[in-house]
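Q: Please choose one part of this model and look at it closely, then connect that part to its surroundings. I would like every cut-off stated where a term is used.

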Amino acid sequence: MNNENHSKQTKIIDGVTLNLGKPDATKPTWIGQDEVLKQIHACWLVVSDKDHPLSPRITGMPGTGKTTLAMVAAQQRKQPLYIFQCTSDTRPEDLLVTPVLSEKGSISYHASSLVCAMIKGGICILDEGNRMNEKSWASLAPLLDHRRYVESIIAGIQIHAHKDFRACVTMNNDESTFEIPDYILSRLQPTLQMNMPSYEDELEILRYHLPFSEEELLKMTVDFLQKSHQLDLEFSPRDGIHILQYALKRLSQETDHPISKDEIWKEAISKVLGEDAIDLDSLAARNNRSLQDERLPMGLGDFFFNDDNPLHPDSDK
Ligand SMILES: Nc1ncnc2c1ncn2[C@@H]1O[C@H](COP(=O)(O)OP(=O)(O)O)[C@@H](O)[C@H]1O
Ligand SMILES: [Mg+2]
C-alpha cells in the first residue's frame, strides 16, 4: 500500500491516494524540569493490549518550553514528528485532508501533518490548540478516544491511526480565541502544567542557546528573569534569549567606541519587552493596581450580592 518514489510519499486508502508531507527535522534539547518530561513519556506508554495512549494537554505561559518539551519527547521515542499549527480559522479539512487542483485539472489529496503522523505511526503536536474553533476540534473527537480514527468528508474516507501514533496539544494560558468544549477537553488528559524554570535551569537554557555570550550578560539576564517570575510578570526564557541575542549583536557593533554593557543591556530589555520592563518593581505594582481596580465594587449592591445574583439591584442592567 505504501507507495514510495524519490520526491514524495503517498498512501492509498479505500482507493484514494493521499500525498504525505515530511516530518519535522529539528533536534531540540531539553534542559532541567525532568519531571514533566517523564510525565509526557508516561502518557504515551501503553501498558497492556487493552490500554490506550493518552493525549495530554501541555499548558503554560508563552515561551516556557511547551512545544520544545513535546518535540524532545518525540525525538527520544525515535518516532517521526509532525507539528500542526492551530489557528482561529483552521477548518476541519485543513486538519485532515485538503484537495488540491493539479495542473492537469485533476484533484489530488494532501494529508495534513496530523494525518501524516497517524499514517506513519508518528507523533503529532497540535500546537497552540487553544486558538482552534469547536468545529475543527469536533472532527478530532473519534481520534482522541478509543476509536482512533478520523473521517475526511472531502476525500470520503475513514483514516485509522497506526498503533504507534501519539498526540499532544499545547495551549497558552492567556491567548484563547474560543472556549474549547468540555467533551474535547475531557479527551485531552491529563494536563501537564509548564512552570517558569529555576535559576540554575534558566541559566543553563540561556547558556545552551547562546554559548558565545559573556557570563556577566547571561547572569544579568537570568537575575532579571527570575525577579520577574517572582513578581508574577509573564517574561519567559524565550524573552531572555531574545534580550541576549539583541544585546550581543549591539555590543558587536560598538567595538570602536565602547558603550557600557549595562546601557546596551537596558536598551535590549526595553526593545524586547518595552520601556516599562526596565523597572520591574513599578511594573509589577502597576499590574497589581489595575487588577485590584478590576475587582473594585462598583455600587452598594456589590457589597451584598454577587454579580450573577438575581437579587442584585443592578441585575436587570
Ligand atoms: N527547558 C528548556 N530546555 C531547552 N530550551 C528551552 C527550555 N525551555 C524553554 N526553552 C527555549 O525557549 C524558547 C521557547 O520555547 P517554546 O517551546 O517555543 O515555548 P512555548 O511553546 O511554551 O511558547 C525556545 O527557544 C526553547 O528552546
Ligand atoms: Mg509553542
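**A parallel strand pair and its surroundings**

A: Strand 5 and strand 8 (residues 123–127) pair in the parallel sense over five bridges, where helices (H or I, at least four residues) and strands (E, at least two) are DSSP runs numbered from the N terminus, and two strands pair if DSSP finds at least two bridges between them. The model is predicted, so local features need pLDDT of at least 70 and side-chain atom pairs count only at pLDDT 80 or more, whereas totals for chains, interfaces and linings use all residues. Residues are numbered from 1 along each chain as its sequence is written, while chains are lettered from A and ligands numbered from 1 in the order in which they are written.

Within this pair, Gln 85 has Asp 127 of strand 8 as its bridge partner. Four of the five residues of strand 5 (residues 81–85) are buried, so the strand is largely enclosed by the rest of the structure; a residue is buried if 20 or more other C-beta atoms lie within 10 Å of its own, exposed if 12 or fewer, and partly exposed in between, with C-beta atoms placed from the backbone.

The loops beside the two strands each hold a residue with positive phi. Lys 78 lies in the loop between helix 2 (66–76) and strand 5, and its phi is near 60°, a positive value in a residue other than glycine. Glu 128, in the loop between strand 8 and helix 5 (134–138), is likewise not a glycine and has a positive phi of about 60°. Their surroundings can be set side by side: Lys 78 is exposed, with 6 other C-beta atoms within 10 Å, whereas Glu 128 is buried, with 21 other C-beta atoms within 10 Å.

Both strands also belong to a wider nonpolar core, meaning a set of buried Ala, Val, Leu, Ile, Met, Phe, Trp, Tyr and Cys residues joined through C-beta atoms within 7 Å. The largest such core has 49 residues, of which Ala 70, Val 115 and Cys 124 touch the most other members. The elements that each supply at least two residues of this core include strand 5, strand 8, helix 2, strand 3 (16–20), helix 1 (34–44) and strand 11 (166–172). Helix 4 gives the most to this core, with six residues. Leaving aside its neighbours within four places in sequence, Val 115 is in contact with Leu 96, Val 97 and Ile 159, a contact being two residues whose C-beta atoms, placed from the backbone, lie within 7 Å. A second, separate core of 17 residues includes Leu 206, Met 220, Leu 225 and Ile 269.

For the wider setting, the protein contains 12 helices and 12 strands, and its C-alpha atoms fill a box of roughly 70 × 65 × 45 Å, taken along the principal axes. Buried residues make up 32% of the 317 residues, and among contacts between residues at least 6 apart in sequence, 70% join residues at least 24 apart. Elsewhere in the backbone, Gln 189 and Pro 190 are joined by a cis peptide bond with omega of about -5°, and Pro 190 has its place in the loop between helix 6 (182–185) and strand 12 (191–193).
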